[in-house]
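Work through the exercises below with the sequence and the 3D view side by side. Try each task before reading its solution.

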Amino acid sequence: MNRNLQRRLATGSNAALVAVIMVLIVVFGYVLLEPFRIRVDFSATQSSRLMEDTQNKLRILEKDAIPVKITAFSAQEGKKEAYFKNRQLQDLVEEIDYASSVVEAEFVDFDRERLTAENLGVTEYGTVVIQRGEQRVDLKDRDLFRHVGKGADRAMEFLGEASVNRAFSQLMANNTRVVYALVGHGEMNPESREPDGLSDLGKALDQEHYELKRLDLVRDAKGGVPQVPEDAAAVIVVRPRVQIPALEQELLLAYLSAGGPLLFAVDPGGVIPEIFGRFGVAVPEGMVLDKLLVFPFPDRPVPRYRNHPITEALASETLVTLVSGVAPLQAAVPPREGIRSATLLETSRDGWIERGGELKGGNALFQPEIDAAGPATMALTLELGRDSGLVNRGQGRVIVLGDSDMLSNSLLTEGPGNLSFGVNALRWLVGDDGRLSVSGRPSAVRKLALTEEDLGQLRWVVIGLGPLLAMMVGAAVWSSRRGR
Amino acid sequence: MKFVFTMWKKELRSYFVSPIAYVFLAAYLLIAGLFFYLGVTLTGEASLRVLAGNLAITQIFVLPMLTMRHFAEERRQGTLEMLLTAPIPLWAIVVGKWAASVTLCAIMFAGTLVFPAVLAYYGDPDWGVMLTSYLGLFAVACAFCAAGLFSSSLLDDQMAAGLIGAVILVPFWLVGRAEALVPDEWADRVRPLSLLYHLDSFNRGVLDSMDIYYFVAFTAVFLFLTFRSLESRRWR
């Protein structure tokens, strides 16, 4: 081998080795730096940042070190909004995968990876399967997306994180607690899917490991002694149409006395259970109205959240709870001995209790001589101590809502904050204070307001204008140089 | 830095005195306009996400065509030897030429600023996401220009250099698609190689240190390889 070749070989191998070492250093650097990864979200809605509650749950899951697998199947290609559904689901999967080492999340193309779907027994597009050990929760398309608004304003919202969050709760909870909904007096039915039913609330509570059941105190007794079942974690009474008989009210009081929590929801002009008087809660005549309203509904004042564990997270996320036709509530002043009341929802200072009078343009007006000035209370909580004489064991918790629609199918999923409010109220009632959180931070797609005509004009501006200008400048430069 | 600036100025001038830059700019804006229009028509969303994803893939084929002439042309004209023996550090030549290509890309991106303006007129776009989308495209351009420069340093023929540049880059795109074909345990290792995987966060409004590292490392490696490739001419 001549010396020149030897030299070239030596220098060549040295160069190749240095290049390989450089690539290895870069790869090694990647592996080394990955644990110290930093992410900054510049989006206006911080959409890629998981909610504090989700992060907490991920931390708990990591502590338990039981692997969780999330398999998100794509929406049906070609269907309306499939692009956005897939993208939002993909983003969520990526964010959860990044945020936790025990949660393995993957997005699967339903059409291309049928075998994965078959193995998991998934038959619907857009299903998300969350598995933890032997337990499993399936989220369907309807749990992940919802439509809000009407006509041109109709938009799709993504509730994926809230749904996954609730699924985590469900997987972490060990047992199911029963919440009874009193029926038999025209109350809202927990099984009804009608607008005035409570099936949506039942579904939401089911995700939280609470089972919402009907309770007909008289019929369920089947000739025996009627009583609130022993397994009742709470009893809710939503919009009775006729007065609850004294016997049943006594049974509810006995349940409260034993530390059982109660929730009442009433409407203006509706039946007010007589036991309200025992708690020192009055429902004055009239309806709560406010200048700050959900347009175009004059009977939908925008409630303001007062400082309370139930509403704390909602207020911080500025999620509005929709109400419709609200009865004013009043806690006794001064408070009854042993009873501590707290306002949950109230109107703004511009709110009032409407008691009739003139209308202006079809809307009610505040008339000081007839109406009562606000802020008016729309929902309140009561904590009853033993010195109240109503509770013998533990602490009695009662929630009184001046509106029943806010929990019904008609508004529960329509209002951005209703689901969270309802679930949080139940969590607080049964003493699961640690699980109070926002149950939904929907994210929506930012749509363009474009007409067919706009699109026609836009075509020439975005496709033609740029290239034309570039060519014109090029031609000018070329001709000026040619002239030199 | 003085040498880098001199080189940058020379290269940029050579772009703009010839019709290359203008034809290139026009073609690029036409493609970008088509993608933008399709994105807006199909999704109706006030976002550049569809455009940014497609433009990044387009750049795989377009940018090597932009950089292919850098060394191949010098070699064809017989000026490369002169350049390499001139009293300019080799790294300054490499960085200067790369910076000129990146500047041309920045001008191309500036030409697409009409798109955010359109989105703002007809909707309410997320400006933070828009900014990071552009940063992502710029990061991709920096990386691809470096790879294109490397391919140009290897070959005498411009077209071949352009083609090789695209061949070098295509696997970094396809590796993201191949993820479904490899076993699960390999997917996690393969994923970080994918260009689209690292671009995705930018398009969601998120700046991730590992994505930035990926593009910076990608650029540095190819600039280093270009440097070694040119240096090898001294002993070949």
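## Exercise 1: Confidence

Task: find which element of chain B has the lowest mean pLDDT and which the highest.

Solution. Helix 10 of chain B (residues 184-190) has the lowest mean, 74, among the elements of chain B, and helix 8 of chain B has the highest, 93. Here pLDDT is the predictor's confidence in each residue, from 0 to 100. Helices (H or I, at least four residues) and strands (E, at least two) are DSSP runs, numbered from the N terminus. Next, take the whole chain: chain B averages 87, and 97% of its residues score at least 70. Finally, the model scores ipTM 0.83 and pTM 0.64.

This is a predicted model: local features need pLDDT of at least 70, side-chain atom pairs count only at pLDDT 80 or more, and totals for chains, interfaces and linings use all residues. Residues are numbered from 1 along each chain as its sequence is written, while chains are lettered from A and ligands numbered from 1 in the order in which they are written.

## Exercise 2: The interface

Task: state how many residues of chain B are in contact with chain A, and which helix supplies the largest share.

Solution. Start with the count: 51 residues of chain B contact 47 residues of chain A. Contact means that C-beta atoms, placed from the backbone, lie within 7 Å. Several elements of chain B supply at least two residues each, among them helix 1 (2-17), helix 7 (114-122) and helix 12 (209-231). Helix 2 of chain B gives the largest share, 13 residues.

## Exercise 3: A shared pairing

Task: find which strand of chain B pairs with strand 1 of chain A, and in which sense.

Solution. Go to residues 39-41 of chain A, which form strand 1. This strand pairs with strand 1 of chain B in the antiparallel sense, over 3 bridges. Strands pair if DSSP finds at least two bridges between them. Now pick A:Val40: its bridge partner is B:Leu207.

## Exercise 4: Cores

Task: find which helix supplies the largest share of the largest nonpolar core.

Solution. A nonpolar core is a set of buried Ala, Val, Leu, Ile, Met, Phe, Trp, Tyr and Cys residues joined through C-beta atoms within 7 Å. Buried means that 20 or more other C-beta atoms lie within 10 Å of a residue's own, with C-beta atoms placed from the backbone. The largest core has 76 residues; A:Ala181 and A:Leu426 are among those with the most contacts inside it. Helix 13 of chain A (residues 418-429) gives the largest share of this core, 7 residues. A second, separate core has 70 residues, including A:Leu448 and B:Phe227.

Note on methods: Contact = placed C-beta atoms within 7 Å. Buried ≥ 20, exposed ≤ 12 C-beta atoms within 10 Å, placed from the backbone.
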